[in-house]
Structure formats: structure tokens, C-alpha cells
Amino acid sequence: MPALVSSKNSTIVLKRWVREYGLRARFALGGWLQPRRTLQRAADLFATPLAIARVRARDADPAGAALGEVDTADGRIATYLWGDPAREPVAVLAHGWSSYGLFLLPWVAPLRAAGYAVVAFDQTGHGRSDGSRSSLPAFAEVLSRVAARYGRPSVVIGHSLGGAATMLALAGGLSADRAVLIAPPADPFAAGERFARRIGLAEHLAVRLFDDWQARAQVRVDSLQAHRAAPALTLPALIVHDLADREVPWDEGERYARYWPGARLLTTTGLGHHRIVNDPAVIGAALRFLAGDAVGQRVVSSPDLPYGFF
């Protein structure tokens with residue numbers, strides 16, 4: 001049996017390697033032969049979540065949630081509610097890119113025990129919601145619409161791009177008492193560079209990845225960076241990030257904590273980018289933070305760190 005398991009895993013790894021190598025080869029060749037078309041393909045891929053989120057959301061048990069929906073310009077947003085938002089403080093759970101609301105299900109029971117009504121949802125193009133494409137500003141807009149539907153949240157808990165969207169929604173007028181951001185990306189440009197390296201997009205094209213989107217959306221991408229948006233926020237925040245995060249480097253979480261007045265940074269080790277969000281110790285620390293405890297460390301600005309003083 002061990003030999004069979006090992007052989008099966010080796011086959012899976014080989015298929016994944018071939019698929020990723022083929023993708024990188026196509027983008028590398030396309031960038032040389034058809035640069036404009038290749039750049040558009042890369043931008044489309046960057047804005048399209050993986051389909052696996054839909055499969056996993058359909059298969060997930062809603063665990064007694066009341067299913068609902070919120071209408072947006074891009075279609076219906078699937079929502080999940082536990083508790084009574086008219087009588088209990090509301091906790092909103094915001095998932096990350098290529099994820100889905102019920103991925104954060106381990107948070108529901110602890111939050112309910114702490115007295116919160118809990119709202120989760122699937123972003124546009126994710127889970128059970130409509131649409132096929134999204135972006136960071138779109139994530140923030142959907143989050144604000146969901147919050148408006150179920151009442152002012154006492155706390156917003158966001159993972160990965162959901163954390164970045166939480167910051168932008170709050171900076172854009174969403175009101176809440178506290179925020180918990182787990183492994184949040186701090187810079188769309190850095191995320192674009194990581195994506196370009198992964199697919200093999202040439203550097204001279206990678207720097208133009210946001211050109212078309214920025215022209216259509218009329219939003220400056222640099223306005224979405226944490227060190228530009230976070231300083232205007234005053235509510236307490238807990239930033240949780242792992243030193244071993246291979247998808248979003250730890251220093252991006254540190255940037256949030258440095259530029260968000262009143263934010264604190266909790267650093268973990270060995271949890272990476274995905275396991276961190278539902279880790280029992282992380283959930284426990286977040287609940288202590290929501291109860292008013294001082295969790296994590298206050299990060300102080302320094303000219304010796306990137307971006308200098310706040």
C-alpha cells in the first residue's frame with residue numbers, strides 16, 4: 001500500500017509539474033510572438049478565480065446556516081447566516097481569492113459561543129455566487145454590500161484577499177468596531193509580480209498587467225496599497241501572519257500593522273498561508289482580541305524599514 005500511495009502522489013505531482021511548465025512555456029513564447037494578446041490573456045487569468053472554489057462550496061455542508069443572497073451589479077451573492085443579526089452583534093467572515101465562505105466554518109461555533117451572529121458569503125465568481133471574474137476593489141464592494149444587508153458588523157474577519165478587501169471597505173466608509181486580518185496581501189503590484197513569475201510572463205509585460213483594468217476602472221492601483229489606505233483607519237485591528245507564508249510574504253502583514261494606527265501583529269510559525277486561517281490557536285487569539293485583550297505586538301515605524309515612518 002505505501003508503494004501505491006507513493007506512486008499515486010508522484011503521478012499527481014508529475015501532472016501538476018507538466019501543467020505548470022506548459023503554462024509557463026506558452027506565456028514565455030506568447031510574450032515573444034504576440035505580446036499584446038499574451039498580456040491580455042495574463043490579465044484575464046489574473047482576474048479569474050480557480051473553479052475549484054465552486055466545487056468545494058457546492059460540496060460543503062452549510063452547518064445549519066440560513067441561506068440567503070444579496071444582489072449586486074454582477075449578479076447574486078450567496079450568503080450564510082447563523083444567529084440573529086437584529087439581536088446579536090454581527091461578525092462578518094470574508095474569504096480569500098479562489099476560496100469560498102464556508103471555508104471559514106471553523107470560526108462559526110466559537111463566534112456563536114461568544115455571542116455573535118455570524119455572516120459568511122461567497123464573493124463574485126466564487127462558491128455559489130454568480131459571475132466569473134473579480135478584483136480587490138470588487139471584493140471590497142461586495143463585502144460592504146453584504147454588511148449593509150445584515151447590519152453594521154461588530155467585527156470583520158478577513159483572510160488573504162478578504163483581509164485586504166476588509167481594509168479597503170473600512171477605508172471606504174464601512175463601519176465596524178474591530179477587524180481581524182489573516183495573511184493579508186499589502187500590495188497589488190507585488191501580487192502581480194508573483195503571479196507573473198508563476199506563469200512565466202516576461203518582465204516587460206508584467207509591469208503592464210494592470211494597465212487595462214486601471215483604464216477601465218479609473219482607480220489608481222497604488223491607492224490600494226496598505227501603506228496608503230491603512231493610515232486613515234482608527235478602529236483596533238489584529239493582523240495575523242505566518243513567517244512561512246509562501247503566497248503572501250510575512251512582511252506584507254507587518255506593513256499593515258505598521259501603518260494601521262491601533263493595529264497589532266501576531267506572528268505564527270509553520271502554518272503557511274491556508275492552514276493559519278482555521279488554526280484553533282489563531283481563532284482563540286482572535287476571540288481574546290475581540291474580548292479586549294492585548295494580543296500580538298505593536299509595530300513601530302522606523303526609517304530603516306521599507307516605506308519609512310508613518
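How many bridges join strand β6 to strand β7? The answer comes in the third view below, and every view here is taken from a predicted model.

**View 1. Confidence along the chain.** Let's start with how far to trust the picture: the average pLDDT of the chain is 89, and 89% of the residues reach at least 70. Residues 1-18 are the stretch to treat with care, as pLDDT stays under 50 there and the model has 0 contacts for these residues beyond four places in sequence. Where pLDDT is low, the predicted coordinates should not be read in detail.

**View 2. Strand β6 and its partner β5.** Strand β6 covers residues 178-182, and 4 of these 5 residues are buried, so the strand is largely enclosed by the rest of the structure. Strand β5 (residues 153-159) runs parallel to β6, with 5 bridges joining the two. One place to look is Ile157, whose bridge partner in β6 is Val180. Between the two strands the chain passes through helix α6 (residues 161-171), making a right-handed β-α-β crossover.

**View 3. Strand β6 beside β7.** Here is the count promised at the start: 4 bridges join β6 to β7 (residues 237-242), and these strands run parallel. Look for Leu181, which stands opposite Ile239 in β7.

**View 4. Helices α2 and α7 crossing.** Two packed helices are described by the angle between their axes and the distance between the axes. For α2 (residues 35-46) and α7 (residues 188-199), the axes come within 11 Å and cross at roughly 115°; the crossing is right-handed. At the meeting point, Ala42, Leu45 and Phe46 of α2 contact Ala191, Gly192, Phe195 and Ile199 of α7.

Methods
Residues numbered from 1 in each chain as written. Predicted model: local features only at pLDDT ≥ 70, side-chain atom pairs only at ≥ 80, totals over all residues. Heavy atoms only, no water. pLDDT = per-residue confidence, 0-100. Contact = heavy atoms within 4.5 Å. Buried < 20%, exposed > 50% of the residue type's maximum accessible area, 1.4 Å probe, protein only. Pairing = 2+ DSSP bridges. Right-handed = clockwise from strand over helix to strand, strands pointing away. Axes fitted to C-alpha atoms, helices over the stretch in contact; angles between N-to-C directions. Left-handed = near helix turned anticlockwise from the far one by under 90°.
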